[in-house]
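Me: I should like a close look at one part of this structure, the backbone and burial around a single cysteine, followed by a connected account of its other notable local features. Please keep the reasoning explicit.

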Amino acid sequence: MNDKSLESILHEPRVFNPAAAFTAAARISPADYERLAAEAARDYEGYWARLARETLDWQRPFTTVLDSSQAPNYRWFTDGRLNASVNCLDVHLAERGGKTAIVFESEPGEVRRLSYRELTAAVCRLANALQAQGIGAGDRVVIYLPMVPEAVVAMQACARIGAVHSVVFGGFSAKSLRERIEDAGARLVITADGGRRAGRLVELKAATDEALAGSCPTVEKVIVLRHAGNAVAMQAGRDLWWSDATAGQPESCAPAVVDAEHPLFLLYTSGSTGRPKGIQHATGGFLLGAKLTSQWIFDLRDSDVFWCTADVGWVTGHTYVAYGPLAAGATIVMYEGAPVHPDAGRFWSICERHGVTIFYTAPTAIRALMKFGDVIPAQYDLSKLRLLGTVGEPINPEAWIWYHKHIGRERCPIVDTWWQTETGATMIAPLPGAIATKPGSCTRPIPGIDAAVVDEDGREITDVEHGGYLVIRKPWPSMLRTIWGDNARYIRTYWEKFGGRYYVAGDTAHRDDDGYFWVMGRADDVLKVSGHRLGTMEVESAFVAHPRVAETAVVGRPHDVKGEAICAFVVLKGERPTGAAAEQLAGELRDWVGHELGAIAKPDDVRFADNLPKTRSGKIMRRLLRAVARGEEITEDVSTLENPAIIEQLRGKA
Ligand code: ATP
Ligand code: MG
């Protein structure tokens, strides 16, 4: 028993080596990987300086690499100057101006393509329009748009003139939008009449009007994209149509060359933990992380069609839609709509029709599609796919295997990428030509990222049976710079626990014999059973390994003898059982998990549900389930949930 660390009880023995042909053609070979890791270990700052010089286009080269004088507010490449949109657009015009930058597909099936030249022209016209409205460097612009090319245009246009964008997910309510506009002190909002999702209209302009009514005094103008065609009210003097604002604006716009540390964007984390935090990223460091990891982890080539399914409202939609792959000159796919509309084959149909070669999505989507079975993906030609990725939550080994078999057809490496809004870019993930993968592990840190697992006292845990806090021991270029308007909260949240020595991610993990990292869950969700501390991921993965289980969330509830008892909420692949059938299956699953992991992890309660409460980005909200399991009242705002109605179903059975 050890009260300073977690116990790891799940053993996943399967290993997948990259195919020799993949390795032979990969950007980063096993030897490259070793060389990079050795270089970073030998000369950390020199390593990042070299990569920054070789990867980005600097208008003024930097001489300072890392400035630690205000630690933990680290600064990188401080005297360098550059522009992010130049690095994503202008640099490609000579060689690949006519190449498709964005393939867009709407939910009803409209397809639009924008070449790098067309995208640059659209960005410049909007940048000029923003300037005509008095927006300049440092001003905050809130972007509240559906997943359409104009969302990328708007982000890049802000970057072009040094304005700081803050994208708010189009599914968020007027209240969430208002909080974010107010916190950022935005001068301008870019929105659309409406968006489309699962056959429904999402009235974005109406929500914007509601957010601004009687509040947000800093907002002077609202630019409205005509997209869904629904009727909207335009407020004279404040609102103008995108098409009018950009009419007559030239297709070129001199970029604002900014300091590397100039804020590129704010992005509020999904806020599952109280007041949303405006994570602030810097231009140079962020862009370096975004481009480099796009090239290394996704092995991006000129011939690739890259589809990251994340919405631009999340960090994944920043790093791996709007910036990284464009900086790398790739073709990206954007899809506005639901994954199961009109049916569960939509993702695979898009992959087939647009010849997607690299596909990157979240475990929640994989588990949801898995529920529909293997027959659907088998109907599509997925032969162009060569690499798969996942992000957002730990992926249960059985979901990984399903993805590998039925989507990757046992041919495509899977990159399980661990990172956060705060880290700006992927931190731990396999470089696919160099690192063998194991289902459920994000494998090894990117060369130059000093990740470790430490116990309650900050001591590194090296034995394979134990886990602890996932920390980063050295600053890295794409790290967050602060929390907008609240630096004390930045220090408290990420640095205080170990006296400023380590960045504390808030996740738990353990390492195996090969030094691979296995994320075990969130530090706040650790289960404490009879003196044993367990991560949620291992228990949930044991459930998902049962043939009838699609998805599970486990939480602790107080128990007189054990301290905490494990309570599991289970979603099955088929119908939800009731009565005696439910009791029988619950008993079978308890025994199954007890057999897989040992008696200590055997859950006390197993409850069946049609779904689990999720954030808008699809992550399970265990905090809410904890309240349900304990029979406590739910005090928080559940309107930011993807599916608030599910709480009632879960509570009815409590
Ligand atoms: P909030 O901080 O507001 O609660 P969030 O943490 O869900 O929101 P993100 O920054 O989008 O917001 O998500 C980062 C978190 O997602 C990580 O801290 C981790 O818990 C989880 N995560 C992301 N990728 C992986 C992965 N590959 N494996 C395991 N966990 C992952
Ligand atoms: Mg977080």
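Reply: In this predicted model, Cys216 has a relative accessible area of 3% and is therefore buried, the limit for that class being under 20%. Cys216 is found in the loop between α8 (204-212) and β12 (221-225). Its backbone deserves attention as well: although Cys216 is not a glycine, its phi is positive, at about 50°.

A positive phi of about 50° is also found at Ala198, again a residue that is not a glycine. Ala198 lies in the loop between β10 (195-197) and β11 (200-202). With a relative accessible area of 32%, Ala198 falls between the limits of 20% and 50% and so counts as partly exposed. A positive phi occurs at a glycine too: Gly631, just after α19, takes a value of about 70°.

Ala198 leads on to Ala338, since the two residues are in contact. Ala338 also touches Glu107, Arg197 and Arg346, when residues up to four places away in sequence are not counted. The place of Ala338 is in the loop between β18 and α12. Ala338 is buried, because its relative accessible area of 6% is under 20%. Along the chain, 319 residues separate Ala338 from Ala19, and their C-alpha atoms are 33 Å apart.

The loop that holds Ala338 also contains Pro342, between β18 (331-336) and α12 (346-354). The peptide bond joining His341 and Pro342 is cis, with omega at about -5°. A cis peptide bond also joins Ala71 and Pro72, where omega is about 5°. Pro72 is located in the loop between β2 (66-67) and β3 (75-76).

A further proline, Pro430, has its place in the loop between β21 (414-416) and β22 (451-454). Its relative accessibility is 0%, so Pro430 counts as buried. Leaving aside residues up to four places away in sequence, Pro430 touches Ile297, Ile414, Val415, Asp416, Ile435, Thr437, Cys442 and Thr443. Of these, Ile414, Val415 and Asp416 make up β21, the strand at one end of the loop. Pro430 and Ala256 are 174 residues apart in sequence, and the distance between their C-alpha atoms is 36 Å.

The cysteines may now be taken up again. How many disulfides does the model contain? The count comes to zero. Cys88 illustrates this: the nearest cysteine sulfur belongs to Cys124 and is 13 Å away, and Cys88 is in no disulfide. A disulfide requires the two sulfur atoms to be within 2.5 Å. Cys88 is buried, as its relative accessibility is 0%. Cys567 is likewise buried, with a relative accessible area of 0%.

Cys124 also takes part in a helix contact, on the side of α5. The axes of helix α5 (residues 116-132) and helix α6 (residues 149-161) come within 8 Å and cross at roughly 60°. That angle makes α5 oblique to α6. The crossing of α5 past α6 is right-handed. On α5, the contact is made by Leu119, Ala122, Val123, Cys124, Leu126, Ala127, Leu130 and Gln131. On α6, Val153, Ala154, Gln156, Ala157, Cys158, Arg160 and Ile161 take part. The residues of this contact divide into 12 nonpolar, two polar and one charged. The charged residue is Arg160 of α6, and the polar ones are Gln131 of α5 and Gln156 of α6.

Two other helices are mostly covered. In helix α17 (residues 536-544), nine of the nine residues are buried. They are Thr536, Met537, Glu538, Val539, Glu540, Ser541, Ala542, Phe543 and Val544. In helix α19 (residues 622-629), seven of the eight residues are buried. These are Arg622, Leu624, Leu625, Arg626, Ala627, Val628 and Ala629.

Within α19, Arg626 merits a closer look. Arg626 has a relative accessible area of 16% and is buried, because this value is under 20%. Not counting residues up to four places away in sequence, Arg626 touches Asp524, Asp525, Val555 and Gly556.

Notes
Residues are numbered from 1 along each chain as its sequence is written. Chains are lettered from A and ligands numbered from 1 in the order in which they are written. This is a predicted model: local features need pLDDT of at least 70, side-chain atom pairs count only at pLDDT 80 or more; totals for chains, interfaces and linings use all residues. Side-chain values use heavy atoms; hydrogens and water are left out. Axes are lines fitted to C-alpha atoms, for helices over the stretch in contact, and angles run from 0 to 180 degrees between N-to-C directions. Helices (H or I, at least four residues) and strands (E, at least two) are DSSP runs, numbered from the N terminus. Angles under 35 degrees count as roughly parallel, over 145 as roughly antiparallel, 65 to 115 as roughly perpendicular and the rest as oblique. A crossing is left-handed if the near helix is turned anticlockwise from the far one by less than a right angle, and right-handed if clockwise. Contact means heavy atoms within 4.5 Å. Buried means under 20% relative accessible area, exposed over 50%, partly exposed in between (1.4 Å probe, protein chains only).
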